[in-house]
Amino acid sequence: MVRTSLGRFWMSPAKDFRACTYEKITFRYVVGSEGMRVGGKLKIALPNMGWGEPLPPYPDHGSEYFRNEERAFCNWKRCNTTYQVVSDSKADVFLSSRESYLPLGRYENFRWWFCWWMTASVLVEPLREGDEIVITYGDTLFGEEGAFVQPWAEEGIWFSAFADPQGRGDFHEVPGSPIESSVVPGPVEKCILTAPSIVRPGEEFSLRAAVTDWGEDKLRSVPSGTGTKLWGCTDEPIDSDCLFEESAVDRIDGLRTSEGGKYKAEIELPDGSTIATESNPVACRSGGLNLYWGDLHAQSFYHQYDPRLGRGDPILLPDELLSYAREVSHLDFVAITDGGGALPDNAGWQETQQAVVDNYLPGEFVPLKGWEIQTDGDGHCNAIYRDATIEPHIPADTFGEGGMKGVLDYYEGREDVILIPHHTLASLFSSSIPGSDDMNWEQFNWDRFDPHLNRLVEIYSCWGSSEYPGNDLWDKSSPPGQSVVEALSRGYRLGFVGGSDSHIGFPGRSLPEAEKYRCQNFKAGYTAVYAPRLTREAIFESLRVRRCYATTGARMIVDFSVDGEPMGGTVSGDAFSGRPTIQVRVVGTDRICRVEVVRDGRVVHSAEPYQECFDIEWVDTSIHGPDASYYYVRMRQVDGNAAWTSPVWVSAT
């Protein structure tokens, strides 16, 4: 029942917004007949945390203890959200902002829906009926551009307001709330240009292209009058007059090259502006395996599906997600891993499996069947299947109450499934006081491990890198014993993969701070796989033997071997010399600023080449004991992108 005595809520402008642009939005609350006591509160929720953070005025020094005209605000702190109290009294408010999940209104049934909440707390004197609180989100008064609109298009977003007139924590939705809106794609700002990482001399290949907004939304078309220019690896012009004539996603077939390098393009927009772009690096090699790129942690509309709402939190249906991966991100393979996807209360399991079957294009695009397993207390992992057989739901009581142990027991002995732990450094805790005796850690439990199933670990995603505690690509809590290096120290043999874990549903979209949750503030990751061909079976088998590596979303070409054994393998017995030769060859998307050889969790050799192409051959003369050791390589570019090769294990026995 609508509680009209609470007053009324308005928003201006109430319209469809353009993604990746800046807006000035005014929220207006008129107090109802209940009034609002000192200590009463008004809360306004933005659609999600992809919108720019509200930055309210910050009290200057001790002035937060003062009221009205005696209060001052810090003039060097950023501020994009201001307020005004319209009243004949001396009433004032204290405006604050935080990211949170509050079970109010539409959010009550959706425990995953974190967003920005602005809170206006009444000070000095009560507000009376007809008084107003006006909040301007995106105020440019202090030099800000405005409020940043979420960087993806989405229908059915909403802005909400809740009032607690008595200040007792009893919030109710204000009449006029929620205000529904949508976000449409933003203006054209990018051209994504992608070539195969490895080509054969004289063999034909295709160059894929997509024009997008800053957030890499899939556009239907480019503006009329747009022109294109394209150049090859040796700066030779390529005919591109017909590019983007019918669609914002396109390709040029029949290309050949005998040299490596990058393709370049210029998009000339009707307003006279130009978008310059270049492709990933291309290596021209006569033999060997091909290099394919994918995302093993993509999530569709059915991720964390809530039957009460009839949806999950991403926005793309399975078919739409796979289309995006193929046409915009130009991925070669992708796994849909919806949280709880195979369980009975998820309405999308059959649809998701059918999409994996329908979108399979051998030699061009490989969808992989999968789902995300979320256990209480033992962490999360993705199940990736070799086959695409459409199966019924897994009964809800299959895993019992054993957490990850029940999962391992269920899949035990299967060679057609890989279980991939992810964000293993991430932890949540619940207790009255953090650090108290009753604190309950919810973390990844490495005691639950099966070497036949756990062949890989997701070392990086938009959560950050779980390589080791304290690394600069992780900014969250990290209890001891959870990192990838700590798992390797147990003797576990794990290859490395990267993924997106995006809760928007755009696989392969790798942008910083462009997700709907602020805990996912890093760029999305990629998995690179060396395989003989682009088929479901070949990709799966290469993953199973760990012939793969992870990046932060850059298509860096990396070769790594120890005594000639490529990443994922083992050198042992007579093949082990005792003085391993480590070989690394890197072709970066930018200059490589640091390459580190890691042995048993410690850097044993490094180089700082500051060039895009770099080779290392180094002999480790250290004395090795009888126990097995492992080597892997991590590298960083000047632009901040990173890569991690899967390890190679060495042993005298």
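**Exercise 1. Work out the order and edges of the sheet that contains S17.**

Step 1. Four strands make up this open sheet, and their order is S18-S17-S20-S21 with antiparallel pairing. Strands here are DSSP runs (E, at least two residues), numbered from the N terminus, and two of them pair if DSSP finds at least two bridges between them.

Step 2. The edges belong to S18 (237-238) and S21 (274-278): each has a single partner strand, so one side of each is left without a neighbour in the sheet.

Step 3. Now zoom in on S17 (residues 227-231) and S20 (residues 264-268), which run antiparallel and are joined by 5 bridges. Within this pair, Gly227 lies opposite Glu268 of S20.

A word on the model before we go on: it is predicted, so local features need pLDDT of at least 70 and side-chain atom pairs count only at pLDDT 80 or more, while totals for chains, interfaces and linings use all residues. Residues are numbered from 1 along each chain as its sequence is written, and side-chain values use heavy atoms, with hydrogens and water left out.

**Exercise 2. Describe the two faces of S1 and find its partner strand.**

Step 1. In S1 (residues 7-12), Gly7, Phe9 and Met11 form the covered face, while Arg8, Trp10 and Ser12 form the uncovered one.

Step 2. S1 and S4 (residues 25-31) run antiparallel, with 6 bridges joining them. From the uncovered face, Trp10 has Arg28 in S4 as its bridge partner.

**Exercise 3. Explain why Cys462 and Cys519 form no disulfide with each other.**

Step 1. A disulfide is a pair of cysteine sulfur atoms within 2.5 Å, and the structure holds 0 of them.

Step 2. For Cys462, the closest cysteine sulfur is that of Cys519, and because the gap is 7.7 Å, it is too far for a bond. Seen from Cys519, the closest cysteine sulfur is that of Cys462, again at 7.7 Å.

Step 3. Check their surroundings too: Cys462 is buried at 1% relative accessibility, whereas Cys519 is partly exposed at 30%. Buried means under 20% relative accessible area, exposed over 50%, and partly exposed in between (1.4 Å probe, protein chains only).

**Exercise 4. Place Ser465 in its environment.**

Step 1. Ser465 belongs to S32 (residues 464-465) and is buried, with 0% relative accessibility.

Step 2. Its side chain comes to 3.2 Å from the backbone nitrogen of Glu467.

Step 3. Beyond its neighbours within four places in sequence, Ser465 is in contact (heavy atoms within 4.5 Å) with several residues, including Leu425, Tyr460, Trp474 and Trp644.

Methods. Polar contact = N/O pair within 3.5 Å; in protein donor to acceptor, adjacent residues only side chain to side chain.
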